[in-house]
Amino acid sequence: MAVVSFKRSLYTSNPDKYISFLAGNDYYDPGAFVPIANTAGTGSATTITFSGIPSTYKNLQLRFIGKSTTTSAAVTTFRVTFNSSSSNYAWHRLSGDGATASASGGADAAQIISSAIVPTSNAALASMMSVSIIDIDDYTSTSKNKTVRMFNGSDLNRTTTPVGVVALNSGLWFDTPVAINSITLTLQSGNWTTSSIFSLYGIKGT
Amino acid sequence: MPSTYEPIATTTLSTAASQIEFSSIPATYTDLVLICTATATTGGSYAILRLNPATTSTYSGTRLIGTGASAISNRETAQNALELRSDDGIGMSTSIPTFMQIDVFSYAGSTNKTVLASMGNDLNGSGGTSRIVGLCQNTAAITVVRLLIPGDTFKTGSIATLYGIKNA
């Protein structure tokens, strides 16, 4: 039996007494994977920022579908920064474009740069979205640099290059270690469309 | 605080079957995650994925494959399913399970559906690993997810679990 309403007469006439605050409700375990925040693009902003991230989790996972408002190219990149910092990033990419597997990277950079996976609003790419999963482990550590993993891609179902990209990325933020309390995703070109949806989750430790 | 990574259903095959299907998927989550370990009765082919399950030529996929000796990339377009190719032409084993994780993003949304697949097929000397981005040009909400194995069957003991992830 779950408590769905509570009336004065119930506790003034003949009240049931419980030693547990659950008061007859089943024990509820929300699990270890917890939604923190969700947002969508506006069509007029090139950045999406999650701020005020609580430090109560062990790891973070950011999942999103993305699209840019620009029509000047087929795909563009997105960039990742933490705590509004614009220095001390490095990254590696391993990607496949349907014909060739390739690797690239950057060091002493202003951000972590993804592969060019975000479809634009080019008419031939209607309703096509990129997908991304970004894992940030031990994001609250004040003694370790922050390393992230990204798995993302998009397929454009066409024969004109670019046709699609699937990519594995790693990223490093080697500023003086502090807890990450904000994450910003910035498009290289255009703004995030209103169909772009971003969801941040916290993963609990023990 | 809401629960967000919830098991929707698990299927464990008690007899060989040509498909594993999850239907009547509620639209109450943001993303779906399908995790499957499976072996094949004959072997040598790959599982394929259909959503809803559209069988028209609306699927395309781009793959990054590690063979154990090199990294390659290939793709397919205008297919009637997304091929879950885990290696470079070896295919599923009759005895060693192939691992598949398929993330279906915004499955209840109105855009085309894009998925990410992580595959593992280590056969102790052959096999491979792959990452796939797949596109299903279907803007309807996904209520059915189906894994098939053309010309073969999934062996008894193959197991698949569908999870739902709900955002804030």
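Colleague: What is the strand order in the open sheet of 4 strands in chain A?

Modeller: The order is E2-E13-E5-E8, with antiparallel pairing. Two strands count as paired if DSSP finds at least two bridges between them. The strands themselves are DSSP runs (E, at least two residues; helices are H or I, at least four), numbered from the N terminus. Keep in mind that this is a predicted model: local features need pLDDT of at least 70, side-chain atom pairs count only at pLDDT 80 or more, and totals for chains, interfaces and linings use all residues. Residues are numbered from 1 along each chain as its sequence is written, chains are lettered from A and ligands numbered from 1 in the order in which they are written, and side-chain values use heavy atoms, with hydrogens and water left out.

Colleague: Which strands stand at the edges?

Modeller: Those are E2 (47-50) and E8 (112-113) of chain A; each has a single partner strand, so one side of each is left without a neighbour in the sheet. For E2(A), 4 bridges lead to E13 (residues 183-187) of chain A, and the two run antiparallel. Look at Ile48(A) there: its bridge partner in E13(A) is Leu185(A).

Colleague: Now for empty space. How many cavities of 30 Å³ or more are there?

Modeller: Rolling a probe the size of a water molecule over the atoms shows where empty space is left. Here a cavity is a set of points, on a 1 Å grid over the protein atoms alone, where a 1.4 Å probe fits but cannot get out; lining residues have an atom within 4 Å of a point. Grid points are joined across faces, edges and corners, and a volume is the space filled by probe spheres set on the points. The count comes to 2 cavities of 30 Å³ or more.

Colleague: What lines the largest cavity?

Modeller: That cavity has a volume of about 40 Å³. Its lining includes Arg63(A), Phe64(A), Ile65(A), Thr30(B) and Phe105(B). E3(A) gives the most, with 3 residues. By class there are 4 nonpolar, 3 polar and 2 charged residues; Ala, Val, Leu, Ile, Met, Phe, Trp, Tyr, Cys and Pro count as nonpolar, Asp, Glu, Lys and Arg as charged, and the others, Gly among them, as polar.

Colleague: And which classes make up the lining of the second largest cavity?

Modeller: That lining has 7 nonpolar, 1 polar and no charged residues. Among them are Leu49(B), Tyr59(B), Val115(B) and Gly134(B). The largest share, 3 residues, comes from E10(B), and the volume is about 30 Å³.

Note on methods. On a 1 Å grid over the protein atoms alone, a cavity is a set of points where a 1.4 Å probe fits but cannot get out, and a pocket is an open set with protein on both sides within 12 Å along at least five of seven lines; lining residues have an atom within 4 Å of a point.
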